[in-house]
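I sat down with this one for the first time and kept short notes as I went. Here is what I looked up, in the order I wrote it down.

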Amino acid sequence: MSDVLDLDFMKAFIESEAEGSFSKAARRLGRSQSVVSERIAAAEGILGYPLFHRGRTLKITERGRELLPRAKLVLEHYGHFARDAASLAHTETGTLHMGVDLGLTPAMIATHLEAFAQAFPRVDIQIETLTSFDTAWFFRHSGMSMALVFKDSTTAQFEEIQIATIPMVLVAAKTHPVAQSAPDGIVSLETLREHRQIVITARDPDAPPPLIVSSRFWSINSGTHALSLAARGLGWAVLSRRVLAANPAWAKAVTVLDSVLPLPKERLVLESSLEKVNPTFFAWWRHALLKWGKTWRPADPQPASQGP
């Protein structure tokens, strides 16, 4: 009996009931119609009762309906077994201590962490939410071994893999003198020097210095908060398009301006401390993120000066 009531039979049984046809079930299973119908008939012969009423469409019998949820449960358990068995190919244990940029969406991070957990079910994970300004401190003073962060500096203090790039832009509130002085959208360096700059700075004193143009500036360690200050007319700022896209309400209050400032692109990078990182973990994240980075692009917001 066990040779007949096997997994192939259960798949044929479930699909035949769902499709109401042996031929349609066969197409879904990649089998011929005769193979599917013969499997059902063989099972009915062993069981001693029909599973379907044959006609223009298949109708499951009462006994068949009683067996159907049990067959589905068996296949579900088999799927769990197959995944668990495959996961044992990774024998890694221990803890991955990883930094994640505050600018990354929880959904994106959760998707990758879920995949990592399936690949390495016996590995624990500790996450630090931070910015690129913080990675050096965490690498030096904690067990963190790698970090996925946005950087606007090309200075590499650690091993890094570039995942994606995002344009940087100069912004000011529409009513701010910097914006008012540039009807054609181009701001001079002299104008920028005359007005307060909102600068994104690091808590780590050894981090690369930010771009500071004005002698009057406020410093803050968050791009989102820098945008909120610029939107209120408290100064001009150089920000990633990603920050504007993530905060559309504040983005509508500022104007994106051109200037003579050389603005490097922001880079999303995977940084690692080579003496600490597990090479297997790092290889997994590098492969997953490079594949994801080929299609990921933060949405460009509509510049406020052009309307909705």
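**Notes, starting from one helix**

I began on the outer side of α2, where Arg27 and Arg28 are exposed. A reminder to myself before going on: this is a predicted model.

Next I checked the other side of the same helix. α2 runs over residues 22-29, and Phe22, Ala25 and Ala26 are buried there. Looking down the axis of α2, I get an arc of 100° that holds its buried residues, so they line one face of the helix. The general rule fits in my margin: an α-helix has 3.6 residues a turn, so residues three or four places apart point the same way.

What do the buried residues of α2 pack against? I found α1 (7-19), α3 (33-47) and β1 (52-53). After α2 comes Gly30, and its phi is positive, near 70°.

**On to α3**

I tested the length of α3 first. Its 15 residues should span 21 Å at 1.5 Å a residue, and the end C-alpha atoms are 21 Å apart, which agrees. I then listed the buried residues of α3: Val36, Ser37, Ile40, Ala43 and Glu44. Down the axis of α3 these fall within an arc of 125°, so they too line one face of the helix.

Turned away from that buried side, I see Glu38 and Gly45, both exposed. The cover over the buried residues of α3 includes α1, α2 and β1. Just after α3 I noted Gly48, with a positive phi of about 90°.

I picked Val36, in helix α3, for a closer look. Buried or exposed? Val36 counts as buried because its relative accessibility is 2%, and the cut-off for buried is under 20%. Val36 and Phe22 sit 14 residues apart along the chain, and their C-alpha atoms are separated by 6.3 Å. Setting aside neighbours within four places in sequence, I find Val36 in contact with Ala12, Ser16, Phe22, Ala25, Ala26, Leu29 and Arg31.

**The cores**

Then I went looking for the largest nonpolar core. It has 28 residues, and Leu148, Leu268, Leu270 and Trp285 have the most contacts inside it. I wrote down the elements that each supply at least two of its residues: β3 (94-101), α5 (106-119), β5 (146-151), β6 (159-166), β13 (266-272) and α12 (279-293). Which one gives the largest share? That is α12, with 7 residues.

Apart from this core I found another, of 18 residues, and Phe9, Ile40, Tyr49 and Ala71 are among them. I had already met Ile40, as one of the buried residues of α3.

Back to Leu148 and what it touches. Not counting residues up to four places away in sequence, the partners of Leu148 include Met98, Val100, Ile109, Ile163, Leu268, Leu270 and Leu289.

**Three polar residues**

I looked up Ser240 in strand β11 (residues 236-240). With 3% relative accessibility, Ser240 counts as buried. Its side chain makes a polar contact with the side chain of Glu266 at 2.6 Å, and the side chain of Ser240 also reaches the backbone nitrogen of Arg242 at 3.0 Å. Beyond its neighbours within four places in sequence, I have Ser240 in contact with Ile166, Pro167, Met168 and Glu266. Thr224 is 16 residues from Ser240 in sequence and 9.9 Å from it in space, C-alpha to C-alpha.

Thr224 came up again when I turned to Asn247, which touches Thr224 and Leu227, not counting residues up to four places away in sequence. Asn247 lies in the loop between α10 (241-246) and α11 (248-251). It counts as buried at 15% relative accessibility, and the side chain of Asn247 reaches the backbone oxygen of Val243 at 2.8 Å.

Last in this group, I found Ser228 in helix α9 (residues 223-231). Ser228 counts as buried at 7% relative accessibility. A polar atom of its side chain lies 2.7 Å from the backbone oxygen of His225.

**The whole chain**

I finished by zooming out. The protein chain has 12 helices and 13 strands, and 45% of its 308 residues are buried. I get about 16700 Å² exposed by the chain, with carbon and sulfur atoms supplying 53% of it. Of the contacts between residues at least 6 apart in sequence, 69% join residues at least 24 apart.

Conventions
Residues are numbered from 1 along each chain as its sequence is written. This is a predicted model: local features need pLDDT of at least 70, side-chain atom pairs count only at pLDDT 80 or more; totals for chains, interfaces and linings use all residues. Side-chain values use heavy atoms; hydrogens and water are left out. A nonpolar core is a set of buried Ala, Val, Leu, Ile, Met, Phe, Trp, Tyr and Cys residues joined through side-chain atoms within 4.5 Å. Buried means under 20% relative accessible area, exposed over 50%, partly exposed in between (1.4 Å probe, protein chains only). Helices (H or I, at least four residues) and strands (E, at least two) are DSSP runs, numbered from the N terminus. Contact means heavy atoms within 4.5 Å. The arc is that of the directions from the helix axis to the C-beta atoms. Accessible areas come from the Shrake-Rupley method with a 1.4 Å probe; for residues, only the protein chains shown count as cover. A polar contact is a pair of N or O atoms within 3.5 Å; within protein, one must be able to donate a hydrogen and the other to accept it, and residues adjacent in sequence count only if both atoms are side-chain atoms. The expected span of a helix is 1.5 Å times one less than its number of residues.
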